[in-house]
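The following exercises are to be worked with the sequence and the three-dimensional model at hand. Each task is followed by a solution in steps.

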Amino acid sequence: MNRVIVQVRPFGDAIYKSKYFPWSKYISGKQGRNPGFDPLKIMVEVAHDNDMKIEAWVNPYRVTTGSTNYKKLAKNNQARKWHAKKSTRRNVLSYGGSLYYNPSKKAVRTLITNGVKEIVQNYDVDGIHMDDYFYPYPAKGMDFPDDASFARYGGGFTNRADWRRSNVNILIQKIHETIRGLKPWVKFGISPFGIYRNEKNDPLGSKTNGLQNYDDLYADVLLWARNGWVDYNIPQIYWQIGHPAADYETLVKWWAKNTENRPLFIGQSVMNTIQNADPK
């Protein structure tokens, strides 16, 4: 084992000392409560003492899951502060019983980028990592409630899906440029959902039938790799060999063919490896 990727910003909060995000309840028991120590500082030191690299994994847009109660958030949580003012209320949206930062808002992109900048400046991390959570996974029968934002900011787009992808693209490019400007040796990597697109929707896609990064999460991972905005990809190929909708072997080969000259690693599901062992 030579690298650890540890989540430091799970819900618009921080498992490190931050001026933009409150302390996470996962480290102190209550959001906003100071635990009296800095977990990321300790983890960086321990990793490097053991000749390991360490990456800080941040979740960009997620504020809560299973709750839309702003009063449960710390008073200094930016989502709560934005919600308190009518002029900034649309910076946070409620969807599927959870709260998310609105990806179309410039203030949101600035907040997320400042959070990354803060980590890279203040900690000797070897990378910044994001996984598969961009626009939220679709809730059945519900569209993400960004009508007002599209009406106001979607002027250059006739297609809302293209506009949503553009919002995420702007953030990814901005984070890439921020990291490069501060410490060019720090990696920026993504661990996307395992299917980019299905072949039935795009000749470039894989022979699969499942949720798609491009169409459902509005994450154009291949564009990011092609433009050099990410330093590596770790697609989450959490299915077994022979899976009817998303065969492991098919997807590994597809990603290997579509690396866009970026390093490729495969995200494994230990549980699936054990429960669905390949008889061959």
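**Exercise 1. Determine which residues distant in sequence are in contact with Glu 55, and whether Glu 55 is buried or exposed.**

Solution. The model is predicted.
Step 1: set aside the neighbours of Glu 55 within four places in sequence; the remaining contacts are Arg 3, Val 4, Ile 5, Val 6, Asp 126, Gly 127, Ile 128, His 129 and Tyr 232.
Step 2: locate Glu 55 in the fold; this residue belongs to strand E2, which covers residues 53-58.
Step 3: examine the relative accessible area, which is 1% for Glu 55. Buried requires a value under 20%, and Glu 55 is therefore classed as buried.
Step 4: look for a polar partner of the side chain; a polar contact of 2.5 Å joins the side chains of Glu 55 and Tyr 232.

**Exercise 2. Describe the volume and the lining of the largest pocket.**

Solution. Step 1: the volume is about 450 Å³.
Step 2: the lining comprises 17 residues, and those nearest the centre of the pocket are Ile 5, His 129, Tyr 232, Ile 234 and Phe 265.
Step 3: assign the lining to secondary structure; strands E1 (3-9) and E2 each contribute at least two residues.
Step 4: sort the lining by class, which yields 8 nonpolar, 5 polar and 4 charged residues.

**Exercise 3. Characterise the second largest pocket and the setting of Leu 73, one of its lining residues.**

Solution. Step 1: the second largest pocket holds about 270 Å³ of space.
Step 2: its lining includes Phe 11, Lys 25, Gln 31, Val 63, Thr 64 and Leu 73. By class, the lining has 4 nonpolar, 5 polar and 3 charged residues.
Step 3: place Leu 73 in the loop that runs between E2 and helix H3 (78-84).
Step 4: with a relative accessible area of 6%, Leu 73 is buried.
Step 5: beyond four places in sequence, Leu 73 is in contact with Gln 31, Val 63, Thr 64, Ala 79 and Arg 80.
Step 6: compare sequence and space; Leu 73 and Asn 50 are separated by 23 residues in sequence and by 36 Å between their C-alpha atoms.

**Exercise 4. Test whether the span of helix H6 agrees with its number of residues, and identify what caps its N-terminal end.**

Solution. Step 1: H6 has 23 residues, 160-182.
Step 2: the expected span is 1.5 Å times one less than that number, so H6 should span 33 Å.
Step 3: the end C-alpha atoms of H6 lie 34 Å apart, in agreement with the expectation.
Step 4: the N-terminal cap of H6 is Asn 159, with a side-chain oxygen 2.7 Å from the backbone nitrogen of Ala 161.

Note on methods: Residues are numbered from 1 along each chain as its sequence is written. This is a predicted model: local features need pLDDT of at least 70, side-chain atom pairs count only at pLDDT 80 or more; totals for chains, interfaces and linings use all residues. Side-chain values use heavy atoms; hydrogens and water are left out. Helices (H or I, at least four residues) and strands (E, at least two) are DSSP runs, numbered from the N terminus. Buried means under 20% relative accessible area, exposed over 50%, partly exposed in between (1.4 Å probe, protein chains only). A polar contact is a pair of N or O atoms within 3.5 Å; within protein, one must be able to donate a hydrogen and the other to accept it, and residues adjacent in sequence count only if both atoms are side-chain atoms. Contact means heavy atoms within 4.5 Å. On a 1 Å grid over the protein atoms alone, a cavity is a set of points where a 1.4 Å probe fits but cannot get out, and a pocket is an open set with protein on both sides within 12 Å along at least five of seven lines; lining residues have an atom within 4 Å of a point. Grid points are joined across faces, edges and corners, and a volume is the space filled by probe spheres set on the points. Ala, Val, Leu, Ile, Met, Phe, Trp, Tyr, Cys and Pro count as nonpolar, Asp, Glu, Lys and Arg as charged, and the others, Gly among them, as polar.
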